[in-house]
Amino acid sequence: MGQTNTRTGRGVAMLNLGVLGAVLMAACGGGGGAGSGDPPVAVTPPPPASAPGTPPATGVTNPPPLDHGPDAFEFRPSTALAAPGALDGLSDGRRLFAAWNPTSQTALAPGMKVMFFGNAEGCASGTEGPLAAPQPVRLAEVLAAIGVAGTGVTDALRWSPSGAAAGCNLATQHKLGGSSVLLNADDTTGAVGLLTTSGVQSDGQRSFFGPLTAAGQNGSGANAYITGSFVTFRQAWTNDPTPHKPWQGGGAARLQSRQIVGVVRGIDAAASSTRQAKQQLIATFINPTCRAELATQGKLCQIQYLFNTAIYRSGVSDWSRETWFNSPRLLNDPGQGGMPVFGGPVPDAGTLATDAASGLALYRSQGEPTQHGRFLDKTFDVTIGFDQLGNALRLVVANLQALPPAQVTDAMLAAHWGSAWSQPGAWVLLSIQLGQEVYNPEPDLRVEIAGAARHLYVGPQNP
């Protein structure tokens with residue numbers, strides 16, 4: 001099985017296409033991203049990758065087994081996914097969607113999504129472009145960088161941005177972007193891998209698809225100099241009587257992923273600018289009752305958690321000193337359509353992540369902490385208690401109302417999050433993502449990250 005999910009026949013998520021950029025690009029610029037007003041900082045050269053079977057770091061606990069009940073979603077790249085059309089059966093049976101800079105409503109339907117965001121040279125603004133399979137030589141380079149086997153990577157399971165789009169000029173039509181996503185469909189060595197790159201490549205040329213310009217997303221300046229690669233499993237939540245409800249029992253929602261980072265390049269190169277690369281685990285939740293009650297008031301009724309499982313930045317040699325990084329932050333910028341995003345690190349196992357200003361608890365780690373070097377097969381495991389979700393909801397309203405969190409009333413929470421904001425069963429999973437971002441304002445400097453995930457899981461925390 002590629003995922004643990006036995007229900008079918010779900011409806012399409014009815015979100016306004018105007019917030020597509022917020023829903024799909026919310027990871028970009030988040031979690032202490034470069035260009036967000038933080039002081040320039042940097043990264044030491046990554047150490048060699050740890051060998052398979054290396055003992056876990058001190059402090060990592062033995063977490064409980066995963067819950068595979070109806071309120072859980074899990075993706076594992078199994079051998080069965082190599083069959084033609086198998087990816088169309090994931091996330092409630094919708095077709096695989098693969099594109100760069102997506103603009104169509106299809107990107108909001110349930111299903112697996114492979115998406116790239118950035119600037120496509122030679123292509124008109126607003127162009128949605130196709131993806132194509134990298135050639136075997138390039139595939140070998142990508143596999144080597146990511147550090148995974150390629151026994152189950154067929155032509156249909158590898159993707160890169162293609163310039164063969166109606167909005168691209170003739171010189172661009174034959175080009176294939178450097179960033180890549182692949183899926184090794186194998187019961188033993190399965191992984192979904194991403195390589196996100198920028199600048200001059202090994203052939204001496206810049207990829208036609210790279211970071212956004214200084215104008216940023218939609219000319220707003222948001223997410224300037226960022227390019228991102230994402231694999232998303234979007235769930236159905238509307239017209240479905242049984243969506244995934246990870247807080248259903250009133251306990252904790254759990255996110256788990258076993259990941260790899262094989263290569264980080266260009267972070268420590270001599271340059272006058274800040275560069276940054278990140279790998280992320282991202283989950284978005286929605287309250288359908290809130291949407292039914294408050295959609296006409298422009299409420300998205302969504303909240304997103306963006307966990308930086310690995311981060312590398314020029315100028316940083318001691319991450320414990322980076323106050324902007326060491327606590328989760330609430331982001332509400334225009335480039336994300338106002339959707340609240342709590343972005344931050346994964347702390348040491350057994351440690352709570354708290355809001356720096358209020359001290360309110362937001363989530364707890366029971367696995368590996370955020371990494372700053374290359375690594376193999378580390379398991380990140382985070383729980384969000386329902387009381388901690390309540391703290392996050394309160395912080396969002398406090399931020400909007402310019403009030404201390406303690407002064408936010410239940411009535412204020414209901415006005416923003418709907419009458420069911422305090423009901424554990426009212427919150428459902430909207431999407432789970434594996435993502436990468438590269439921030440690089442140097443067009444001639446190659447900055448990239450290559451990594452993978454063995455599995456992605458969202459569900460209830462077992463007792």
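These are my notebook entries on a few strands, disulfides and ring pairs in this structure.

**Before starting**

I am working from a predicted model, so I treat everything below as read from a prediction.

**Entry 1: strand β12**

I began with β12, which covers residues 276–286. How many of its residues are buried? I found that 11 of the 11 are, so the strand is largely enclosed by the rest of the structure.

I then checked the two faces of β12 separately. On one side I listed Gln-276, Lys-278, Gln-280, Ile-282, Thr-284 and Ile-286, and they are all buried. On the other side sit Ala-277, Gln-279, Leu-281, Ala-283 and Phe-285, again all buried. Both faces are covered, then.

Which strands does β12 pair with? One is β13, residues 302–313, which runs antiparallel to β12 and is joined to it by 11 bridges. To find my place in that pairing I looked up Lys-278, and it stands opposite Ile-311 in β13.

Another partner is β19, residues 428–439. This pairing is antiparallel too, over 11 bridges. Here I used Thr-284 as my marker: it stands opposite Ser-431 in β19.

**Entry 2: strand β11**

Next I turned to β11, residues 252–265. I counted it as mostly covered, with 12 of its 14 residues buried.

I looked up its partners as well. β11 pairs with β18 (residues 375–385) in the antiparallel sense, over 9 bridges. In that pairing Gln-259 has Lys-378 as its bridge partner. β11 also pairs with β20 (residues 447–460), antiparallel again, this time over 12 bridges. For Ile-260, the bridge partner in β20 is Ala-452.

**Entry 3: disulfides**

How many disulfides are there? I got 2.

I took Cys-123 and Cys-168 to begin with: their sulfur atoms are 2.0 Å apart, and they form a disulfide. The angle about the S-S bond is 100 degrees, and the link is right-handed. I wanted to know where the two ends sit. Cys-123 is in the loop between β4 (119–120) and β5 (131–132), and Cys-168 is in the loop between β6 (158–161) and β7 (180–184), so the pair ties together parts that are 45 residues apart in sequence. Both Cys-123 and Cys-168 are buried.

Then I went to Cys-290 and Cys-301, which a disulfide joins with an S to S distance of 2.0 Å. About the S-S bond I noted -65 degrees, and this link is left-handed. Cys-290 belongs to helix α4 (residues 288–294), while Cys-301 lies in the loop between α4 and β13, so this pair ties together parts that are 11 residues apart in sequence.

Are these two cysteines buried or exposed? Cys-290 has 0% relative accessibility, so I wrote it down as buried. Cys-301 has 3%, so it counts as buried as well.

Last thing on this page: with the bonded cysteines numbered in sequence order, the pairing reads 1-2, 3-4.

**Entry 4: aromatic rings**

I searched the whole structure for aromatic pairs and the total came to 18. One of them is Phe-117 with Phe-230, an edge-to-face pair with 5.9 Å from centre to centre and 70 degrees between the planes. This pair links distant parts of the chain: Phe-117 is in strand β3 (residues 111–117) and Phe-230 is in strand β10 (residues 226–234), 113 residues apart. I checked burial too. Phe-117 has 7% relative accessibility, so it counts as buried. Phe-230 is at 0%, so it is buried as well.

Another pair I looked up is Trp-324 with Phe-325. Their ring centres are 6.0 Å apart and their planes are at 70 degrees, so I called this pair edge-to-face. The cut-off behind that word is an angle over 60 degrees. Trp-324 is buried, with a relative accessible area of 9%, and Phe-325 is buried at 4% relative accessibility.

What sits over the ring of Trp-324? I found the charged end of Arg-313 there, 4.7 Å from the ring centre.

Finally, I noted a cluster linked by ring pairs: Trp-247, Phe-285, Tyr-305, Phe-307, Phe-342, Tyr-363 and Phe-386. I recognised Phe-285 from my first entry, where it was among the buried residues of β12.

Terms used. Residues are numbered from 1 along each chain as its sequence is written. This is a predicted model: local features need pLDDT of at least 70, side-chain atom pairs count only at pLDDT 80 or more; totals for chains, interfaces and linings use all residues. Side-chain values use heavy atoms; hydrogens and water are left out. Buried means under 20% relative accessible area, exposed over 50%, partly exposed in between (1.4 Å probe, protein chains only). Helices (H or I, at least four residues) and strands (E, at least two) are DSSP runs, numbered from the N terminus. Two strands pair if DSSP finds at least two bridges between them. A disulfide is a pair of cysteine sulfur atoms within 2.5 Å. Rings of Phe, Tyr and Trp (its six-membered ring) pair if their centres lie within 6.5 Å; planes under 30 degrees apart count as stacked, over 60 as edge-to-face and the rest as tilted. A charge sits over a ring if NZ of Lys or CZ of Arg is within 6 Å of the ring centre and within 35 degrees of the ring normal.
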